[in-house]
Amino acid sequence: MIDRLQQLKDEAITKANEATTIKELKDLRVSYLGKKGPITEVLKGMGKLSADERPKVGQAANEVREAVATVIEEKEQKLEEAALTEKLKSESIDVTLPGRPINKGSRHPLTSVVETIEDIFIGMGFTVAEGPEVETDYYNFESLNLPKDHPARDMQDTFFITNDLLLRTQTSPVQTRTMEKHEGRGPVKIICPGKVYRRDEDDATHSHQFMQIEGLVVDEGIRMSDLKGIFEQFVKKYFGEGREIRLRPSFFPFTEPSAELDVSCAICGGDGCRTCKQTGWIEVLGSGMVHPNVLRMSGFDPEKYTGFAFGMGVERFAMLKYGVDDIRHFYTNDTRFLSQFKRV
Ligand code: 2U9
């Protein structure tokens with residue numbers, strides 16, 4: 001019996017050493033050490049042995065079991081280690097390789113221009129106010145001295161949603177809403193950036209959706225010279241030193257008197273060129289003293305308070321700054337256009 005056990009041991013150890021997979025070892029363990037295995041079979045026959053031989057065979061059987069189990073375990077460990085080494089080798093990363101470049105987006109040029117202009121006005125004590133893009137007829141028109149039958153309403157073809165609701169055609173309603181909140185007490189000193197909508201045919205200089213920045217200053221004793229002083233500072237900061245400005249009379253229903261602001265042409269230095277249409281001047285914004293009707297409707301006493309307001313188109317500023325010749329570039333999201341505005 002002891003010989004048979006020895007033979008089983010040698011057999012199992014050889015097979016374990018030859019095994020190349022964990023599964024083979026598991027099967028070996030079951031077949032040699034399991035309840036139905038040959039070693040158990042040998043032990044079952046121990047009843048026939050003499051009391052003398054029985055403990056010797058029992059001890060030998062236990063030694064065989066232990067030896068086989070140990071060899072299987074050790075081989076299992078070896079195979080596991082080899083598998084792990086193989087896995088680590090196949091998954092190894094060369095940390096010295098250069099990284100793949102990540103394609104980062106960039107700030108939209110209109111956002112950059114809005115932020116630049118906001119910063120300039122914040123530096124002069126203005127705060128930024130925002131409001132809804134879907135407006136009521138009252139805030140978009142009535143509160144700005146444009147009653148229902150006013151001919152100037154035709155100037156801006158409007159996207160109406162209902163009889164009374166519309167997409168704002170300018171950011172001015174934000175200003176009358178802000179004035180209302182002040183309940184007749186100055187000062188008000190705000191700029192209002194945002195999207196506006198007009199039923200224009202899109203072409204190189206018109207877009208049915210565009211961006212405006214409007215400004216409003218209301219307080220006691222505000223005069224046209226304050227407006228001019230703010231413009232001088234603004235032009236110096238946005239367009240750089242050395243540009244002249246001029247105010248040219250104009251008309252808007254919400255301001256009286258009204259004026260347009262021209263800046264001397266940077267391309268020709270005022271001599272006249274294609275960009276300034278040979279005039280030497282470039283029109284950049286509209287402005288004026290807030291109409292007394294507008295002040296009154298929003299709760300301010302026009303006998304006590306005066307104010308100035310202005311409005312500019314952001315796309316126009318961006319086109320002048322970056323030399324863009326078609327407003328539609330800002331809205332077609334062509335990355336060949338947008339990626340040129342990456343900041344370093
Ligand atoms: C209030 C009172 C007055 C805002 C003004 C303009 C003149 C103007 C245009 C510039 C180019 C619109 O985007 S554009 O087409 N805007 O010329 N805007 S005065 O006047 C206001 C605003 C609010 C309470």
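A residue counts as buried when its relative accessible area is under 20%, and as exposed when that value is over 50%. Keep this in mind as you work through the exercises on this predicted model.

**Exercise 1. Decide whether asparagine 145 and glutamine 278 are buried or exposed.**

Solution.
- Step 1: Find asparagine 145 in the loop between helix 6 (137–140) and strand 3 (165–167).
- Step 2: Look at its backbone: phi is positive, about 70 degrees, although asparagine 145 is not a glycine.
- Step 3: Its relative accessibility is 15%, so asparagine 145 counts as buried.
- Step 4: Now go to glutamine 278, in the loop between strand 7 and strand 8. Glutamine 278 also has a positive phi, near 65 degrees, and is a residue other than glycine.
- Step 5: With 54% relative accessibility, glutamine 278 counts as exposed.

**Exercise 2. Describe the surroundings of arginine 243, and find which side chain of opposite charge is nearest.**

Solution.
- Step 1: Start in the loop between helix 8 (224–239) and strand 6 (245–252), where arginine 243 lies.
- Step 2: Check for a charged partner. Arginine 243 is buried but has no salt bridge, and glutamate 244, the nearest side chain of opposite charge, is 9.0 Å away. A salt bridge would need the charged atoms within 4 Å.
- Step 3: Look for a polar partner instead. The backbone oxygen of serine 264 is 2.6 Å from the side chain of arginine 243.
- Step 4: List the contacts, setting aside neighbours within four places in sequence: Val235, Val263, Ser264, Cys265 and Ala266.

**Exercise 3. Work out which residues come nearest to the ligand, and which strand gives the largest share of the shell around it.**

Solution.
- Step 1: There are 19 residues around the ligand, and Gln212, Phe252, Gly286, Ala309 and Gly311 come nearest.
- Step 2: Pick out the polar atoms. Glutamine 212 has a polar side-chain atom 2.9 Å from a ligand oxygen, while a backbone N or O atom of glycine 311 is 3.4 Å from a ligand nitrogen.
- Step 3: See how much is covered: the ligand alone exposes 560 Å², and the protein buries 87% of that.
- Step 4: Strand 9 gives the largest share of the shell, 5 residues. Helix 7 (172–181), strand 5 (209–219) and strand 8 (281–290) are also among the elements giving two or more residues.

**Exercise 4. Locate the prolines that follow cis peptide bonds at glycine 186 and glutamate 256.**

Solution.
- Step 1: Glycine 186 is joined to proline 187 by a cis bond, with omega about -5 degrees. Proline 187 sits in the loop between helix 7 and strand 4 (188–197).
- Step 2: From glutamate 256 to proline 257 the bond is cis, with omega near -5 degrees. Proline 257 belongs to strand 7 (residues 255–264).

Notes
Residues numbered from 1 in each chain as written. Predicted model: local features only at pLDDT ≥ 70, side-chain atom pairs only at ≥ 80, totals over all residues. Heavy atoms only, no water. Helix = DSSP H or I, 4+ residues; strand = E, 2+ residues; numbered from the N terminus. Buried < 20%, exposed > 50% of the residue type's maximum accessible area, 1.4 Å probe, protein only. Lys, Arg positive; Asp, Glu negative; His and termini not counted. Polar contact = N/O pair within 3.5 Å; in protein donor to acceptor, adjacent residues only side chain to side chain. Contact = heavy atoms within 4.5 Å. Near = heavy atom within 4 Å. Areas by Shrake-Rupley, 256 points an atom, 1.4 Å probe, with all protein chains shown as cover.
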